[in-house]
Structure formats: structure tokens, C-alpha cells
Amino acid sequence: MIRSVDDTAVKEQTRRKTRKDSLIGKRVPKLDAPDKATGKTRYLDDIKLPRMLYGKILFADRPHARIVKIDTSAAKVMKGVRAVITADDVELVTFGFGSDNTALKKGKVTCIRDEIAAVAADTSEIATEAIKRIAVTYEDLPVIGSIEESLADGAPVIHEHIADNVPFRFDYAHGDVDQGILESDVIVEDTYHVQRQAHCCLGTSGIIADFGSDGRLTLHSLTQVPFSYKHDLSKIIRIPPERIRVIQPPIGGGFGSKLDVHPFEPICVFLARATSRPVRMTFSREEEFLATPTRQPMVIKLKSGAKKDGTFTFRDVLMTLDNGGHTSWGATTPWISIRTFSSLYRVPHVRQHVDVIYTNNIYACAFRGYGNPQATFALESQIDGLADELGMDPLDIRLKNAQESGETTGQGLVLGTCGLKECLETATRNAGWDVKHSAPAKHGKRTGVVRGMGMASIFHVGGGAKIYRSDGCGTMLKMDDFGGVVVFTGASEIGQGSETVIAQIVAEELGLPLDNIRIVNNDTDLTPWDVGVHASRTTFIAGNSALRAARKAREKLLAAAAEQLKRDADDLDLSAGNVVDRSTCEPLAPIPKIIRGLHFGKKNDLIMTSDYYEPPSTAPDKEDKGDISACYSFGTHVAEVEVDQDTGVVKVLGISAAHDVGRVINQMGIEGQIEGGIAQGLGYCLTEELKLRDGRVINPTFTDYKLITTQELPEMNVAFIETNEPAGPYGAKGVAESPLIAVSAAVANAVHNATGVRINELPLTPERVLRKLQEATDADG
């Protein structure tokens, strides 16, 4: 199946290639960079409304317990305390994917981050002290700290409506795995463990809730999904969504952490309602670690096979997820994981079963890559295992099974453009694979420093994902009489540079300087609908919407110019702020003059356009098959490492990355995305793990939670494969999540290449690596 191509879009792309002043593919600094660099940007903490109060939450600090009594009397009498609320003071509405959460908890707590009470006070310090004066009497219950404990016979039931502690099960299959096993000459089977990773946004979670005199609610919120957020929050706080306005201050990082409604947000609304004053609530860094969800931890049992020539035959996947005490987006990450197992390389037979298990641990939400880093770590590690069994080069086995443009995967994903082979060849060539890579080391006694090289590839959505009924985005555009353009887009800016890309696209289409373009994207009272920032969708979907709105404005502008200049519109173009002769590029009239002529002329018209772009993707069917994205992104990472076998320290010397991005829109921006994703992926691979003991977080500070710093970043060689996706704006695909996804597998494969020891558990800390090396040495005798 091949999607139809918009002929108009192809013609426009061809015409733009001849433009000498084109902005597409250039290095353009982010529009918000100067204000951020000079300290002018006003974040949530900088916003102070008249009569504003400060909110704080009392968290349970008990992983599993009955609430016997809550005594708020000492807090209520404190000077400066304006409200103290518990579950008894508000209407409790269940929310979340499992309908297992409420804003404030009543009767029982199921993890340490459960919200017991909240305070609004004149200062943050008074609110913090008031929280300390709330006395809670608990009856402790047995703590379920692991999947095994939760599934054991006679295990306590965490939520009464789920008697077996298994709120979700997922199954998928294509082909016949039993037949695939019979067709296999080699079979590899192993178990992979992946950990909790904290988002570690520079800006911590927060919100301001403010009721107007008309009863309308204004929220200064850091959400990534403002329109869905209004809808979901309205049900919890019992306010119609049309009476909620969401204003997004500049967001200090998201990475998926702000896709859900979190309990602190309705709690802040309840405090504002109780006091009739605006209330601001922001988390400390320790609260951020304790009370915000993480990346989804998983145990993945994977079995796969191949023929003697390296052809993949089957994959059989069993995934178990620690759901924690409540359900957020983390429980749904298998929806993407299975698409990696089913569609990264050709494989005719695939089967997956997933169990999502309640425990008394903290829960997980969406995180950049959304289940794909976990799946890719397991799959790409096992592909190296198959290559070892067959005596093949890891590159050769991947090239043999790599798809090409026009193929459809077993799960029904249409790969209209696919640069996987080019990514494999480019990344390995740039890394010096043929020279530096050799067969995995085989050691008796493991000591000294050794080097190795490993690789892994990426498959991810590149044109949104049909999670909701609509995956679209709206744009409204207006031009003033002086050539200024205001673009109202539903697409939120969360630091990824979307407003810069949208401005580039509009400026390119209208032949105007970038400085003429202003983006409005942070107020639901002004902007059109968008499903939100997730699934690497913004450049592709919001970019297409902006492009189409700009083309409508362009057509209107050229029609007016044709009438005023007595020329055929097909002979005209827009460039450098002028209407120009298409064939000679000779300036004929300034664009502002044409607009004023339209405005003040006989027709008295304005140039205002709008567009809503809905991608040509489809929702999955009952068998979880279907073309869920308008296009797909591919990539390959090659890692070179140095392993000190006496200490277990892994040093990454270099990462060579090649990504199929369709087409580069902003060279500077996409380089930042790739390099930032690699850095985040290295943290996931080497150092980052939010650790729990008996349901309690034991490293909730940056002292003990180890992020990768600039001192530890390796040399990065980044290449872009331009497959010119016909459905994308100027040929572009989304790429925001991809650079993180393959890092762990590439590094783990490099460690195996250097030491001969396969490590199937993340992160690759010195302690873990040293232990695995010692175990391998002991096993060798």
C-alpha cells in the first residue's frame, strides 16, 4: 500500500529548491533564545497575581496504609493560613486510565506520593510549616514492593476493583510464531530489565489557579496538552471546559511528564475555590522526584529466531510492567513497544503478551520515546545475539532485514519513505565500523581497559500517532498592512523549538523575513485546537497546518498582486518581502503595498486564513493493526566505548548517529534535538535510576540521582538522511524522540563487543558491570 501524494505539495517543493533565499534547511536560532539567555523570560515562578496565595500538599509517605484519622486543627489556627482541605472537603472524582486515582485520598493510600491534605497560605514558608502540623494516624498494611510479591498467592489487593492486581493485559500477534520457530536455524532467548528514569525537567511542576469575578477559571499551567487538559480537568473539578482558560507560561522541559492531569492540579483549583483567591503551587526538587511519575519500568522476556542466512523468522515477547499504586500513561506504553517488535526490520511472525501489575511503588507516565527505548534495548541487544550465533557481522544481519520505501509491516504500518538502510550504512561508515569493529571479545580473566563498538537502530512514529479520534492541529494566520504576520497555532512550545520551525515555514511560504513572523501559541482563548505535544508530531502536523494556512494567504496575496499589477498570478512569486517575477526574480512591488491596496481598495478585504490539518493516519483495529502514523522515522546509532574491567566504569568515546528525518527544516534545531536526545539516552543507559526500597524513594536529589553532565558527553557525529517525505511540510518528518531510543542498546552492544559479556539490565553502572564481569569470569572457571 502506497499513500497518494499531493501533487501541489510536490510542485511547491520543487519550486522552492530554486529559491536562493530559502529558510528551509538553514541554521536558525530559536526565537525565544535571546529572552531566555538574558533572563527576560518569565516562568511560572516569576508570575505573581494580586492577592495570590501559596499552596502545599501533604503526601502520605506511607506506601500502603489505611487512613484512620486526619487532624488539621493545628494547621488551621496558624496565622497566614487561609485554607486547609482534605478529601472530606471536596467532591472526589476518580480519574486516570484505570479510574483508580482521586485528587485527595480517602480511606487508604497505595503509594508514598498519595495526596492527603493541602494548605493555602500567605507565603510558601507558612504553607510548608502548616503541612508539618497536620497529624495523620495510619494503620500500616503489607507493602507490595515488586511484581513477584503482587502476583504471589494471597497477596494483598491494592485496589478493591482489581482482585488479581492486574488492571491491564495486552495481546498482539501477526503470522504464526510456532511456524516461525520451526523455520529457525538459531533461536536466542533472554530477559531484560529496564528501570525507572526521572524526567528531571529544569523547571519543576507547578500551576496557578485563579477564578475571575464571572466564575471562569484561568489556569497558568505547564501542560503539554492544553485542550485535552481542559476537557479532562473539567470532569474532576466540575467546571464546564468552556469556562476554563489555559495559559501556558514558558515551560522548563516536558519530555512527556505533562501529558496527564496530575492530582496537584485539581488540588490547587480546590484551594483557589475555597479561598476565592489565586493560588500558586510549585514543587521543590525533592517533591518533583517523589511526586511526579517516571519512565515505565519493565521486565521483557524476548525469544527470537533467524535462518542460517540471517533472515529473521519470529519474535515472541512477554512484557511485565510495574504499574505502581495508580495508573497514568506508563501503563499504555506497550502500545508503542509492540510496534518496535513488529516493525523494526522485516519479521513475519510476532506475538506479544503484556501484564500490567499493581504494586505499592510510585507510578509511571509518558516519557520521551514512550516505551520504545525499553523495547529497543531488548530487541537490538538480542539481534546482536542472533548475529553472534550465526557468526555474522551485526551490520550485515541488520542490512539483510532492513525495510525499504513502500513496504508495509506485519502490523499494517505503511513505510512510504524509509531510510533505514541508508542510516545503517552512513552511521557505520562515519564511525569507522569496518576498521574498529571486530568479533566480541572472549576472555578468561577479565582485567585492564578494553574497547568495543556496538550499534542499534530506531523505528518510531514520524507523523503523529492516532491515539485520539483526531490527531490534527489548527492554525489561524493574519497579515497586517505592513507585512507583519501573526500565526495563532494550537501547537505548544515546550522548549523543542516548534515556534521557530512554524515561523520558518510561514516566512518561507510568504517570502518574508523571519522577523516579520510572530507566533501566538500559549492561550486557549486565542489559539485553535491541537491534540498536544507528544509522539514527535509537532513539526509534521502543526507544520503542515501552518504551511497550508500560509499557502492560502499566499494565494490571496498573489491574486491581489495580479489584479493590482495587471499580471497573471502564475507568473508571480513572493521573495524577500516583495512580489517578484517568477522567472527573473525581479521585484515588482513590496508585499505591504499589495496588502494595503487590498485593504483600502475597492474590495476592502483583509488577508486572514485558517487551516486544520488532520494527518492521513488511521486508528488501529481490534487486532491492534493499522497505519497509525502519517510517516515513520528511522535511525542508527553506533557507539564506541572503553570499559575498565577492574572498576566496571564504562566510558563512551563516541556516538555516530544517522537519522532519516525526511528533510531538515532547521539545521541548528535538529542538531540540538539529536545531541540532547543522545545525552538523555546516555543517562538512561549509564547512570539514571530512581531507586525504591519498600515503596520509598531513596535517592530524591541530584546528589544521589546521577545525571550525565557535559564533562561525560562523548564526541557526536550526526548525519541526516533526507528521504523527502511527500506528506511532510517541505518533506520533513518528526524526530524529537528518536535520538534517545537506540543509545542504550548501542552502548550495551559495544560493552559486549569489548568484554564478551552481555548485560541485560540498565543502567550500566560500574557496580553492575563489575559484578557481571566477575560472574562471567567465575562461570568460565
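**View 1. Helix H4 has exposed residues on one side and buried ones on the other.** On the other side of H4 from its buried residues, Glu125 and Lys132 are exposed. This is a predicted model. In H4, the residues Ala127, Ala130 and Ile131 are buried. Seen down the axis of H4, these buried residues fall within an arc of 100 degrees, so they line one face of the helix. An α-helix has 3.6 residues a turn, so residues three or four places apart point the same way. The cover over the buried residues of H4 includes E1, helix H3 (73–76), E3 and E5. H4 itself spans residues 124–132. H4 lies across strand E1 (53–59), E3 and strand E5 (115–121). Its direction runs at about 25 degrees to E1.

**View 2. Seven strands form an open sheet.** The strand order is E3-E5-E1-E12-E9-E10-E11, and the pairing is mixed. Strand E3 (81–86) and strand E11 (244–247) are the edge strands; each pairs on one side only. On average, neighbouring strands of this sheet are turned by 20 degrees against each other, direction ignored.

**View 3. E10 and E11 run parallel, and helix H8 packs on the sheet.** Four bridges join strand E10 (residues 217–221) to E11. Thr218 has Arg245, in E11, as its bridge partner. Helix H8 covers residues 264–275. H8 touches E1, E3, E5, strand E9 (206–211), E10 and strand E12 (279–282). The direction of H8 makes about 30 degrees with that of E9.

**View 4. Two aromatic pairs show two geometries.** The structure holds 14 aromatic pairs. In one of them, the rings of Phe168 and Phe170 have their centres 6.3 Å apart. Their planes stand at 5 degrees, so this pair is stacked. Phe170 has 31% relative accessibility and counts as partly exposed. For Tyr192 and Phe377, the ring centres are 6.1 Å apart and the planes are at 85 degrees, so the pair is edge-to-face. This pair links distant parts of the chain, 185 residues apart. Tyr192 belongs to strand E8 (residues 186–194), and Phe377 to helix H11 (residues 372–390). Tyr192 is buried, at 2% relative accessibility. Phe377 is buried too, at 0%.

**View 5. An aromatic cluster is shown beside an arginine placed over rings.** One aromatic cluster is formed by Phe97, Trp329, Tyr370 and Tyr468. Turn next to Arg295. The charged end of Arg295 sits over the ring of Phe367, 4.0 Å from its centre. Arg295 also lies over the face of Tyr684, at 4.9 Å from the ring centre.

**View 6. Backbone details appear in three loops.** A cis peptide bond joins Leu762 and Pro763, with omega at about -5 degrees. Pro763 is found in the loop between helix H20 (743–755) and helix H21 (766–780). Cys200 is not a glycine, yet has a positive phi of about 55 degrees. Cys200 is found in the loop between E8 and E9. Its relative accessible area is 15%; Cys200 is buried, because buried means under 20%. Asn604, also not a glycine, has a positive phi of about 45 degrees. Asn604 lies in the loop between helix H17 (591–600) and strand E25 (607–613). With a relative accessible area of 52%, Asn604 is exposed.

Terms used
Residues are numbered from 1 along each chain as its sequence is written. This is a predicted model: local features need pLDDT of at least 70, side-chain atom pairs count only at pLDDT 80 or more; totals for chains, interfaces and linings use all residues. Side-chain values use heavy atoms; hydrogens and water are left out. Two strands pair if DSSP finds at least two bridges between them. Helices (H or I, at least four residues) and strands (E, at least two) are DSSP runs, numbered from the N terminus. Axes are lines fitted to C-alpha atoms, for helices over the stretch in contact, and angles run from 0 to 180 degrees between N-to-C directions. Contact means heavy atoms within 4.5 Å. Buried means under 20% relative accessible area, exposed over 50%, partly exposed in between (1.4 Å probe, protein chains only). The arc is that of the directions from the helix axis to the C-beta atoms. Rings of Phe, Tyr and Trp (its six-membered ring) pair if their centres lie within 6.5 Å; planes under 30 degrees apart count as stacked, over 60 as edge-to-face and the rest as tilted. A charge sits over a ring if NZ of Lys or CZ of Arg is within 6 Å of the ring centre and within 35 degrees of the ring normal.
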